[in-house]
Amino acid sequence: GMIPKFRGFRTKTEEWVEGNLIYREEPYLHDIVTPVGNSSTISYAVERDSIGQWTGLKDQNGVEIYEGDILYFEPYKTHSNDRVVEYIDGAYHGRLIRNGYSKLLAECVYETKVIGNIYENPELLEVTE
C-alpha cells in the first residue's frame, strides 16, 4: 500500500513539514523525516500535537487534506457546516464542528475547501453563525 505521509508544525521556523513520522521518547516533540535526494533525508523536530496523517485525498483546489484540517463545505455557503477531519473506525471522516455528525470524507471531498487546521486555527472550531 501507500507509505503513510505525515505533516507536523516546526516551531523553530513556524512552518509545516511533510514526510515520514519518527516517534521520540521526548514528551513534546516527534520528528518528520523528509527525503531530499536519492539517498539523503533531513529530519525536523515537530510539535507532537500538530501531527496529522495525509488522508490520501485532496480538496476541490487540489490541496492535500490531513487529519486535523478544517474544511469548508461549499454547497452550504455557511461556516456552521465546517468540518474537522478525523480518523474514525478505520476511515477518514469530516465531523461537523457544530453537532458532531460525521460523514465519510471520500464521499464529500469534491465539495470541500481546506480553510485551516485545529492546531493553528483553533478559533475556527467555535461556530458563531
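1. A word on terms to begin: helices (H or I, at least four residues) and strands (E, at least two) are DSSP runs, numbered from the N terminus. With that in hand, Val 63 can be placed in the loop between β5 (52–58) and β6 (64–66).

2. Please keep in mind that this is a predicted model, where local features need pLDDT of at least 70, side-chain atom pairs count only at pLDDT 80 or more, and totals for chains, interfaces and linings use all residues. Residues are numbered from 1 along each chain as its sequence is written, and side-chain values use heavy atoms, with hydrogens and water left out.

3. On the fold: the protein has 11 strands and 1 helix, in the sequence order β-β-β-β-β-β-β-β-β-β-α-β. Its C-alpha trace spans about 45 × 30 × 25 Å along the principal axes. The radius of gyration (taken over C-alpha atoms) is 15 Å, which agrees with the value near 14 Å for a compact globule of 129 residues; the globule rule is 2.2 Å times the number of residues to the power 0.38.

4. Back to Val 63, which is partly exposed, at a relative accessible area of 39%. Here buried means under 20% relative accessible area, exposed over 50%, and partly exposed in between (1.4 Å probe, protein chains only). Not counting residues up to four places away in sequence, Val 63 touches Leu 57, Lys 58 and Val 114, where contact means heavy atoms within 4.5 Å. Val 114 is 51 residues from Val 63 in sequence, yet their C-alpha atoms are 7.2 Å apart.

5. Now the interior. Buried residues make up 37% of the 129 in the protein. A nonpolar core is a set of buried Ala, Val, Leu, Ile, Met, Phe, Trp, Tyr and Cys residues joined through side-chain atoms within 4.5 Å. The largest one has 8 residues: Ile 65, Leu 71, Phe 73, Val 85, Tyr 92, Leu 105, Cys 108 and Val 109. Two elements, β7 (69–73) and α1 (105–108), each give two or more residues to this core. Apart from it lies another core of 6 residues, including Phe 6, Val 17, Leu 21 and Tyr 44. In soluble globular proteins, nonpolar side chains tend to be buried together.

6. Ile 65 deserves a look in your viewer. Leaving out residues up to four places away in sequence, the contacts of Ile 65 include Leu 71, Val 85, Leu 105 and Val 109, as well as Trp 54, Leu 57, Lys 58 and Val 114.

7. Finally, for contacts between residues at least 6 apart in sequence, 43% join residues at least 24 apart.
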